[in-house]
Each structure stands twice: as structure tokens, then as C-alpha cells.
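Welcome! Here is a short guided tour for anyone meeting this structure for the first time. Take a moment to look at the sequence and the model before reading on.

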Amino acid sequence: WRYIGEGERLLAGVSAPHRVVERAQQFIHLHLIEPITLPEIATAAAVSESHLIRLFRTQLGVTPIAYLWDQRVALGIELLERSGLSVTEIARRSGFQTSYHFARRIRQATGLAPLAVRKRAWERH
């Protein structure tokens, strides 16, 4: 997937992510369901918090914490669409502390409640 992503970026004229951003992304993905903080991400990437934020904004257009929440939402949507797990269990497996917070973030991202996201996906198949 990384190879495909790099090819798509080259075709779009976008430079490859900075190694620090890649290290931070790797840390985020490895600890996605755990409660992690900006200082922990910055330490894993071996840079200051402010430098990490600057690099993320330049490279990805978001802060590291916004990226973290976007990845959690994406995982939650995938689990809604592909599993029969309860919303509470999906929220937990996606790194959310409460199903209310999960539902609110899903609604912000899709315009739909979590069960409506599932229903829409299952009706397509």
C-alpha cells in the first residue's frame, strides 16, 4: 500500500512525507486504540511537539492529533461496514472512550448515525 501511495503522490505532484511524519504515523497506527498524547507521538518521532505539528500541517494539512482521530474514525467506519459488532464494541476497538463520542465523530464524518452507516453499507452488498 505504501508503494501505491507513493506513486499516487508522485502523479499528483505531492512530495513524499518527511521521515519524521512517517515515524509519527507509524506510532499512531501501532497505538491507535490506546490513549496516546501529542508528547508521546513527538517522543516516538524524536522531535519537539511544535516541530511535529508544523511538519504534519505542511505535509498532511492536519495536526497529529487530528490525524489520530481521523484514523480512529476511519477504523470505526470500516468496522461498522464489515462487522456485526455492537456500536459500543466498535467504539472501544477504534480507540474511543465512549460510544457517545464515537457516534458524534461518525456523524461529523459521514452525516449519518453509526447504525445508518452500517445499514447503507450492508444494503450495497
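A46 sits in the loop between α3 and α4. In this predicted model, A46 comes after α3 and has a positive phi near 65°, even though A46 is not a glycine. Most residues other than glycine have a negative phi. Is A46 buried or exposed? With a relative accessibility of 61%, A46 counts as exposed, because the cut-off for exposed is over 50%.

Step back into helix α3, which spans residues 38–45, and the picture changes. Here L38, I41, A42 and A45 are buried. Viewed down the axis of α3, these buried residues fall within an arc of 100°, so they line one face of the helix. A general rule helps here: an α-helix has 3.6 residues a turn, so residues three or four places apart point the same way. What covers the buried residues of α3? The cover includes α2, α4 and α5 (64–82).

Two of those helices also pack against each other. Helix α2 covers residues 19–30 and helix α4 covers residues 49–60; their axes are 10 Å apart and meet at an angle of about 95°. That makes α2 roughly perpendicular to α4, since angles of 65 to 115 degrees count as such. On the α2 side, the contact is made by V20, V21, A24, Q25 and I28, while α4 brings L52, L55, F56, Q59 and L60. Sorted by class, this contact has eight nonpolar residues, two polar ones and no charged ones.

Q25 deserves a closer look. This residue of helix α2 is buried, with a relative accessible area of 15%. Setting aside residues up to four places away in sequence, Q25 touches F56, L60 and Y67. The side chains of Q25 and Y67 are also joined by a polar contact of 3.3 Å.

Our last stop is T63, in the loop between α4 and α5. Beyond its neighbours within four places in sequence, T63 is in contact with I53, F56 and R57. T63 and I53 are ten residues apart in sequence, yet their C-alpha atoms are 5.4 Å apart in space. A polar atom of the T63 side chain also lies 3.1 Å from the backbone nitrogen of A66.

Here is how three of the residues on this tour compare in exposure:

| Residue | Relative accessible area | Class |
|---|---|---|
| Q25 | 15% | buried |
| T63 | 22% | partly exposed |
| A46 | 61% | exposed |

How values were computed:
Residues numbered from 1 in each chain as written. Predicted model: local features only at pLDDT ≥ 70, side-chain atom pairs only at ≥ 80, totals over all residues. Heavy atoms only, no water. Axes fitted to C-alpha atoms, helices over the stretch in contact; angles between N-to-C directions. Helix = DSSP H or I, 4+ residues; strand = E, 2+ residues; numbered from the N terminus. Parallel < 35°, antiparallel > 145°, perpendicular 65-115°, else oblique. Contact = heavy atoms within 4.5 Å. Nonpolar A, V, L, I, M, F, W, Y, C, P; charged D, E, K, R; others polar. Buried < 20%, exposed > 50% of the residue type's maximum accessible area, 1.4 Å probe, protein only. Arc of directions from axis to C-beta. Polar contact = N/O pair within 3.5 Å; in protein donor to acceptor, adjacent residues only side chain to side chain.
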